Each structure stands twice: as C-alpha cells, then as structure tokens.
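Trainee: I'd like to take a close look at the salt bridges in this model. Could you walk me through them, pair by pair?

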Amino acid sequence: MRTSDWLAARVAAAIPDTAHGRVLTLSVPGWPGNAPGQHLDIRLTAPDGYQAERSYSIASSGPGESVEIAVDEIPEGEVSPYLVRVAEPGDALEVKGPLGAYFVWHDTDPSPVQLIAGGSGIVPLLAMARARTAAGAGAPFRLLYSVRTAADALYRDEVERLGAAGVDVTWAYTRQAPTGWPGRVGRLDAERIAQATWMPAQHPLTFICGPTSFVEAAADAMVAAGHDPARVKTERFGGS
C-alpha cells in the first residue's frame, strides 16, 4: 500500500475525554501499522460531494487495523466539530497514512527522551510513552505537559499513571491550577522549562508538539539553554 492511497474507515468508538475533546478509535482495513509520532489525514465527504481534509496525530502505534486519535474541537473548524460532536460508531470516513518519518521515536534508541506538549500536542507524545511501556524499553522519559486547566488535559488520567511506568511527568497550567497546586500559573518560560527538562549535558532527544507559538517558544528555550538543535524535533498545528 502507498501512503498516498485513501482507505475506507469506520468509527469504532468515540469517547468524550474533555468538554471539548474526544478520543476516537477507527477501524481501518488494510492499515499497515504506524510508528509512534506519525500522523494521518482524514477526509470527510458531505452528501453533496463537498470534501474536507485535515491531519491528526495518532495516539496508537504498532501493527493492526485499529487506529486511535484524539481530537480537540476548534469551534470554527470544518472537521473537528464533526469528529467531537457528531461522529458515532459505525460512521464512515477515509484516512490516508501513516505520514511523517521525522517526528518519530524508535524504541531501539536508548537516549533520554524529553517530551514537551502544549494542549492537544500530547497525542503523538503519548504514543511514544505508550510505545516505551509496550516495548519495555529502558530509555528514560520526561514529559512536560502544558494545559490551560486540569479539565482541558486530554488523556489526563493516563498521563497521571505514566509516573508509575517510569515517566517523569511535570504539569504546567497557564490559566488555573488545581486546588493546592504548588507551582506558578502562567505561560511556560525558559526558567520553568529548564527546571522540568533534561540538562543539555545529558544529550536528550526532545520532541515538542503543540500550537505554533508554543512550539517555537519551547524550542527556542531548549536551544538557548544549550541543547543541540538537531536533537530538538518539533511538530506544530493550527485549527481544524
């Protein structure tokens, strides 16, 4: 199969995860499997023939014909409101992928891994953390997850459990923190990023995903702190 082929898919499960986000499991006959960090394109076709396409990160990895994504609704978007509010099990759509070979973690790499997520940027990074657990890989992982509030965090319960799997998780809240939260509320700055990430001397492989402004600020902070730019990989997204 070529990744340029569109594949027929059906929604197998649609589970609300936040007030504005849903986790969707897609059944995709012929799906070739994917690596942690890759993404796919989704195409919707209206009864009048109008089509809309958007890219979404994949939360699952490995072989099999079941693919998991998580979608955060963009109210003015064309595709995400349908996936979050309308799509139900059994509904048909089309997918193309897997796509992307750069923003991918390989479980054969023993390097320390730094994950930095902004909002729904957690999706491909969670795929990497899941793959680490599934492989029993020993690579040390850290995750810095920035969200507006606790209620806005996709996969919050699973992220909390990553600590038990050996992933060092740090939360950052930009608007409101949970009661008793000891940290500072506000946008991440270079100081807070440095406190929650590996030191440059530890030569980590860093993956940053989120809105463009978040990704640029986090990547600039890592490079300014002395990290090798070639080992700071980024993926950014806009609204859909």
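Mentor: Happily! Let's start with Arg 148, whose partner in a salt bridge is Asp 152, with 3.6 Å between the closest N and O atoms. Keep in mind as we go that the model is predicted. The surroundings of these two residues are worth a look: Arg 148 is partly exposed at 34% relative accessible area, whereas Asp 152 counts as buried, with a relative accessibility of 16%. The cut-off for buried is under 20%, so Asp 152 falls in that class.

Next, turn to Arg 184 and Asp 189, whose side chains form a salt bridge with an N to O distance of 2.9 Å. Here Asp 189 is partly exposed, at 28% relative accessible area, and Arg 184 is partly exposed too, at 44%.

Now move on to Glu 216, which pairs with Arg 236 in a salt bridge; their closest N and O atoms are 3.2 Å apart. Glu 216 sits in helix α5 (residues 212–224), while Arg 236 belongs to strand β11 (residues 232–237), so this pair ties together parts that are 20 residues apart in sequence. Glu 216 is partly exposed, with a relative accessible area of 39%, and Arg 236 is partly exposed as well, at 38% relative accessibility.

Beyond these pairs, have a look at Glu 68, Arg 130 and Glu 158, which a network of salt bridges links together. To put everything in context, the structure holds eleven salt bridges, among them Arg 148 with Asp 152 and Glu 216 with Arg 236.

How values were computed
Residues are numbered from 1 along each chain as its sequence is written. This is a predicted model: local features need pLDDT of at least 70, side-chain atom pairs count only at pLDDT 80 or more; totals for chains, interfaces and linings use all residues. Side-chain values use heavy atoms; hydrogens and water are left out. A salt bridge is a side-chain nitrogen of Lys or Arg within 4 Å of a carboxyl oxygen of Asp or Glu. Buried means under 20% relative accessible area, exposed over 50%, partly exposed in between (1.4 Å probe, protein chains only). Helices (H or I, at least four residues) and strands (E, at least two) are DSSP runs, numbered from the N terminus.
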